[in-house]
Amino acid sequence: MFMKKLIYLFSLCLLLVSCGHKMQTQPSPASLVNPLMGTSSTFAFSHGNTYPAVAVPWGMNFWSPQTGENGSGWMYMYTDSLIRGFRQTHQPSPWINDYGTFSIMPLLGKVIMDNKGRGVGFRHENEKAAPNCYQVKFDNGVTTALSATSRGAVFEVTYPSEEGQYIVIDAYQHGGNVALDAERNCIYGTTRYNNGGVPDNFGNHFIVEFDKPIVESGTDENACAYVGFHLKAGEKLTIRVASSFINHEQARLNLDREVKGRSFAEVSAAAKKVWDEQMGRIKVEGGTEEQQKTFYSCLYRTLLFPREFYEFDKNEAPVYYSPYDGQIHNGYMYTDNGFWDTFRAVHPLFTLVYPEVSERIMQSIVNAYSESGFMPEWASPGHRGCMIGNNSISLLTDAWMKGIRTFDKDKALEAMLNQTRARSEEISSVGRDGYAEYDRLGYVPYPEVHEATAKTLEYAYADWCLARFAEETGHQEVAAEYYKKAQNYRNLFYPEKGFMWAKDANGKWRDNFDATEWGGPFTEGCSWHWTWSVFHDPEGLSSLLGGHELMAGRLDSMFVAPNTFNYGTYGFVIHEIAEMVALNMEQYAHGNQPVQHAIYLYNYVGQPWKAQYHTRNVMNKLYNSGPEGYCGDEDNGQTSAWYVFTALGFYPVCPGASEYVLGSPLFPKATLSLPGEKTFTIHAEGVSDTNCYIRSAELNAEGFTRNYLKHEELVGGGEFRLVMDSVPNRERGIHLEDFPYSYSK
């Protein structure tokens with residue numbers, strides 16, 4: 001009896017230890033992600049403008065529940081109560097909308113082909129969303145679960161009764177088609193739906209395969225089909241789907257390779273493993289559960305775009321349909337990215353943590369130039385007329401400076417030069433709008449050219465990037481020419497006002513200066529935001545503002561000046577304005593990209609503690625893992641990547657400079673797993689809500705006073721130890737040698 005009690009107590013101790021261990025085990029990154037973060041958005045106000053993408057990182061296709069009507073960029077809105085389908089989507093933004101999309105919808109009772117009438121009620125308590133899978137039990141009792149590979153997906157559908165079991169496949173009209181193949185128990189289709197940016201022969205060719213006999217079917221004139229089944233109540237119907245932008249033969253190859261014979265559970269587990277491996281390259285420890293959820297939800301968003309637009313042929317070689325010339329090519333293609341957003345932090349994160357992905361993206365940019373005569377600036381899937389700048393040059397330069405050199409450097413330089421010396425006749429955002437005036441005057445004039453001041457500032461930074469690339473690749477004359485042009489930002493600084501402003505072609509300053517006026521010479525912002533867009537030369541900007549103290553004062557004033565606005569040439573309150581006002585951070589508008597780096601500029605003027613305070617404040621106030629988790633458009637990962645970098649404690653203010661400027665780390669410990677089995681660990685001793693200031697720092701056990709880390713210091717591996725405090729250390733990081741790179745320094 002005694003021995004039995006002893007064995008029982010020993011077993012109980014083992015159980016308690018085991019349970020205790022499980023409670024202390026770090027949850028996997030994928031299990032911390034909330035794909036619904038940012039989905040409570042509208043046309044008028046964005047909390048992210050996201051949708052719950054079921055995918056693998058950089059996947060060719062995503063899948064999402066669709067609550068909006070066909071054609072709406074707001075495909076999933078958290079406040080909606082009906083789902084109209086499960087949509088294969090390539091949408092990078094509601095403002096760009098979708099292409100090559102089709103949907104699959106289980107119905108019970110009767111067939112409804114029209115998307116406006118086939119919505120079925122659901123409640124969020126019956127919904128489960130993860131990066132690797134989505135599941136919902138509809139109000140009518142039908143349960144649908146789905147998971148995805150890069151080019152395929154597997155659905156699992158159960159019906160609560162035996163009557164009226166249907167699946168509708170909607171190829172979205174626009175010249176698409178669907179056809180039943182009874183012998184193979186599947187549907188073949190092609191969707192040609194697009195919102196621009198595709199050649200005339202564009203199509204997404206798909207196969208939908210069912211594991212149960214089809215007992216009823218039909219089509220309509222709107223590229224819709226339905227199939228009916230007769231299953232036992234609760235019996236699982238498995239649907240396997242794959243697609244190709246090349247042809248149906250390639251779609252069949254994709255299906256056989258990625259989902260044939262695989263269950264929903266198998267595909268979901270495999271997708272989760274991929275997410276855990278990729279997100280696991282950045283491991284954060286400590287902090288609150290909410291902070292970890294927000295961090296990994298942001299990292300998930302960062303790893304979605306740009307998407308792979310390539311497939312693998314029968315010999316496992318990468319091939320792609322070019323969205324630029326409509327031909328089939330060997331190699332890599334990526335798309336669905338607005339470089340105006342993502343050059344800032346998304347691609348610098350890839351160069352640091354995912355360089356093998358950056359390699360392929362850079363090859364893709366050069367490929368796009370070869371096939372269209374221009375590098376992409378906003379691609380979806382081909383060139384789109386959206387935003388400004390030549391930030392493709394930034395991507396190539398930043399990658400090259402960080403040792404990613406597998407792309408053709410001569411072709412890249414040719415492409416860069418062409419990007420600055422020409423403009424597409426059809427699409428103003430492709431090439432350089434106003435390049436002739438810029439080269440002749442040293443700035444882009446307004447009102448002769450729309451958004452001229454913003455373009456001048458962007459071009460000056462791109463010219464610096466081009467100069468860096470030319471210098472590193474042995475083209476010194478080109479470098480000298482473009483380093484000179486990189487100073488053109490000075491030509492639109494209005495000394496009497498202390499802000500960037502606009503000049504006409506005769507050199508006359510625009511009348512009625514108003515730093516709060518949006519639009520006109522600026523893009524989605526005003527002078528309060530665009531004055532800071534001198535990434536490559538904050539020291540030069542400081543000299544224009546009157547020195548370090550005055551520049552710091554101007555930065556301070558951004559956080560205290562009333563958040564009033566003049567909507568200017570927009571003619572109404574665009575959502576970015578509404579979001580700035582709602583932030584209640586005065587003229588600081590974190591919900592849009594132009595000003596997101598500005599906080600870090602305190603490091604360039606000897607007041608790094610202010611960057612530490614404000615970065616922590618933004619993380620705490622403007623992000624959470626819920627449906628209202630962002631303070632503006634998430635934008636292809638950029639607003640998320642800002643959080644990822646900033647939570648680690650540093651940020652790439654100037655891509656191309658190979659430096660990361662310090663802020664305030666959020667977690668006590670973060671570890672980057674880097675190529676070559678290197679690790680870089682950030683320790684933040686004593687970090688807390690109040691302890692956001694850096695008292696002291698050591699890099700690899702040596703004292704460290706700089707306000708930045710070098711790329712080679714991170715990828716070489718090591719330990720960065722910070723001691724955090726509740727009061728600023730005003731003696732640290734205040735000397736010129738501690739400041740990050742500036743061209744004029």
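## Strand β15 and Tyr226

Let's start with Y226, which sits in strand β15, a stretch that runs over residues 224–229. In this predicted model, Y226 has a relative accessible area of 17%, so it counts as buried. Setting aside residues up to four places away in sequence, Y226 touches V111, M113, Y166, I167, V168, E216, S217 and G218.

How far apart in space are Y226 and W378? Their C-alpha atoms are 36 Å apart, and 152 residues separate the two in sequence.

## How confident is the prediction?

The mean pLDDT of the protein chain is 95, and 97% of its residues reach 70 or more. Residues 1–24 are another matter: their pLDDT is below 50, and the model shows 0 contacts for this stretch beyond near neighbours in sequence. Keep that in mind when you look at the start of the chain.

## The nonpolar cores

In soluble globular proteins, nonpolar side chains tend to be buried together. Here, the largest nonpolar core has 215 residues, and I167 and F295 have the most contacts inside it. Helix α12, residues 452–472, gives the most to this core, with 13 residues. There is also a second, separate core of 13 residues, which includes A145, V154, C186 and V259.

You have already met I167 as one of the residues that Y226 touches. As for F295, which residues is it in contact with, leaving aside its neighbours within four places in sequence? They are I282, V284, Y643, V644, A647, L648 and F667.

## Helix α19, an enclosed helix

Some of the contacts of F295, including Y643 and V644, belong to helix α19. Is this helix largely enclosed or open? All 11 of the 11 residues of α19 are buried, so the rest of the structure largely encloses it. Its buried residues are Q638, T639, S640, A641, W642, Y643, V644, F645, T646, A647 and L648.

Both sides of this helix have a backbone detail to look at. In the loop between α18 and α19, N636 has a positive phi of about 55 degrees although it is not a glycine. With a relative accessible area of 2%, N636 is buried. Just after α19, G649 also takes a positive phi, of about 110 degrees.

## A charged residue in helix α12

Helix α12 gives 13 residues to the largest nonpolar core, but D463 lies in this helix too. Is D463 buried or exposed? At 0% relative accessibility, D463 counts as buried. Leaving aside neighbours within four places in sequence, D463 is in contact with T420, R432, Y438, Y482, K485 and A486.

## Salt bridges

How many salt bridges does the structure hold? There are 31. In one of them, the side chains of D98 and R87 meet at 3.0 Å, N to O. D98 lies in the loop between β3 and β4 while R87 is in strand β3, so the pair ties together parts that are 11 residues apart in sequence. Both D98 and R87 are buried.

Two other pairs are worth finding on the model. The side chains of D398 and K402 meet in a salt bridge at 3.0 Å, N to O; D398 is buried at 3% relative accessible area, and K402 is buried at 13%. D511 forms a salt bridge with K508, their closest N and O atoms being 2.8 Å apart. In that pair, D511 is partly exposed at 48% and K508 is partly exposed at 44%. Elsewhere, R151, E258 and E308 are linked in a network of salt bridges.

## Backbone details in the loops

Two peptide bonds leading into prolines are cis. The bond from F305 to P306 has omega near -5 degrees, and P306 is found in the loop between α5 and β18. The bond from S380 to P381 has omega near -15 degrees, with P381 in the loop between β24 and α9.

Another residue with a positive phi is E586, at about 60 degrees, although it is not a glycine. Its place is in the loop between α17 and α18.

## A nonpolar patch on the surface

Which residues form a nonpolar patch on the surface? They are F565, Y567, V573 and V581, with about 290 Å² of accessible area together. F565 is in the loop between α16 and α17, and at 33% relative accessibility it counts as partly exposed.

How values were computed
Residues numbered from 1 in each chain as written. Predicted model: local features only at pLDDT ≥ 70, side-chain atom pairs only at ≥ 80, totals over all residues. Heavy atoms only, no water. Patch = residues over 30% accessible without salt bridge, like charges linked within 9 Å, V, L, I, M, F, W, Y side chains within 5 Å. Areas by Shrake-Rupley, 256 points an atom, 1.4 Å probe, with all protein chains shown as cover. Salt bridge = Lys/Arg side-chain N within 4 Å of Asp/Glu carboxyl O. Helix = DSSP H or I, 4+ residues; strand = E, 2+ residues; numbered from the N terminus. Buried < 20%, exposed > 50% of the residue type's maximum accessible area, 1.4 Å probe, protein only. Core = buried A, V, L, I, M, F, W, Y, C linked by side-chain atoms within 4.5 Å. Contact = heavy atoms within 4.5 Å. pLDDT = per-residue confidence, 0-100.
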